[in-house]
Amino acid sequence: MNLYHPKDFKGKKAWDALDIERIQNATIRLHWTDQPYKWHINDGPEVFVVLDGTVDMYTRKDGVEDIHRLNIGDIFHAQTGDEHVAHPQGAARVLVIETEGSV
């Protein structure tokens, strides 16, 4: 059994992750970042939970971009094929559950 305090975790670089568990080809990872990720499309579903900080999640569908402000406790669920990119507003810690090996 393990207890994690997300505010105690800080990576050495943006998007460093603490691997928590693997469940049937899925990873559950705690990420720390203060920089945007990159536009990507996962090859499986992704659940993105903001644990600390604020993240603007950009999504793109049919060439149209939207921005969704995610605060502590908010959850973003991307289905297979959804194009998106996270932009933290300062430092943020997020829990990401996705298919192992996803971008």
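A salt bridge is a side-chain nitrogen of Lys or Arg within 4 Å of a carboxyl oxygen of Asp or Glu. With that in hand, we can start a tour of this structure, which is a predicted model. A search of the whole structure finds nine salt bridges, and we will come back to some of them after a look at the strands.

## The five-strand sheet

Let us begin with an open sheet of five strands, ordered β1-β2-β9-β4-β7 and paired antiparallel. Its edges are β1 (16–23) and β7, and each has a single partner strand, so one side of each is left without a neighbour in the sheet. On average, neighbouring strands here are turned by 20° against each other, direction ignored.

Within this sheet, β4 and β9 run antiparallel and are joined by six bridges. One place to find this pairing on the screen is D52, which stands opposite R93 in β9.

## The four-strand sheet

Another open sheet has four strands in the order β3-β8-β5-β6, again with antiparallel pairing. Here the edge strands are β3 and β6, each of which pairs on one side only.

Strand β8 (residues 83–88) is a good one to follow. Two bridges join β8 to the antiparallel strand β3 (residues 40–41), and H40 has H84 as its bridge partner in β8. Six bridges join β8 to β5 (residues 55–61), and these two strands also run antiparallel. Along β5, V55 stands opposite P88 in β8, while T59 stands opposite H84 in β8. H84 is thus a handy landmark: H40 is its bridge partner, and T59 stands opposite it as well.

Following the chain past β5 brings you to G63, in the loop between β5 and β6 (64–70). Is G63 buried or exposed? It is exposed, because its relative accessible area is 67% and the exposed class covers values over 50%. The C-alpha atom of G63 is separated by 21 Å from that of V103, which lies 40 residues apart from it along the chain.

## The nonpolar core

Which residues make up the largest nonpolar core? There are twelve: W15, F48, V50, V55, M57, L70, F76, A78, A86, A92, V94 and V96. The strands β4 (46–52), β5, β7 (75–78) and β9 (92–99) each supply at least two residues of this core. The largest share, three residues, comes from β9.

L70 is a helpful member to click on. Leaving aside residues up to four places away in sequence, L70 touches F48, V50, G53, T54, V55, M57 and F76. V55 is worth a second look too: this residue belongs to the core and stands opposite P88 in β8.

## Salt bridges

Side chains of opposite charge can pair when their charged atoms come close. Three of the salt bridges are set out below.

| Side chains that meet | N to O distance |
|---|---|
| K13 and D16 | 3.1 Å |
| D19 and R29 | 2.6 Å |
| R60 and E83 | 2.8 Å |

Take K13 and D16 to begin with. K13 counts as exposed because its relative accessibility is 54%, over the 50% mark. D16 counts as buried because its relative accessibility is 18%, under the 20% cut-off.

The salt bridge between D19 and R29 links distant parts of the chain: D19 is in strand β1 and R29 is in strand β2 (residues 26–33), ten residues apart. D19 is partly exposed at 39% relative accessibility, and R29 is partly exposed with a relative accessible area of 26%. These two residues also belong to a wider group, a network of salt bridges that links D19, R22, R29 and E100.

What about R60 and E83, whose side chains meet in a salt bridge? This pair also links distant parts of the chain, with R60 in strand β5 and E83 in strand β8, 23 residues apart. R60 counts as partly exposed at 26% relative accessibility, and E83 is partly exposed with a relative accessible area of 23%. The strands that hold this pair, β5 and β8, are the ones joined by six bridges in the four-strand sheet.

Definitions and conventions: Residues are numbered from 1 along each chain as its sequence is written. This is a predicted model: local features need pLDDT of at least 70, side-chain atom pairs count only at pLDDT 80 or more; totals for chains, interfaces and linings use all residues. Side-chain values use heavy atoms; hydrogens and water are left out. Two strands pair if DSSP finds at least two bridges between them. Buried means under 20% relative accessible area, exposed over 50%, partly exposed in between (1.4 Å probe, protein chains only). A nonpolar core is a set of buried Ala, Val, Leu, Ile, Met, Phe, Trp, Tyr and Cys residues joined through side-chain atoms within 4.5 Å. Contact means heavy atoms within 4.5 Å. Axes are lines fitted to C-alpha atoms, for helices over the stretch in contact, and angles run from 0 to 180 degrees between N-to-C directions.
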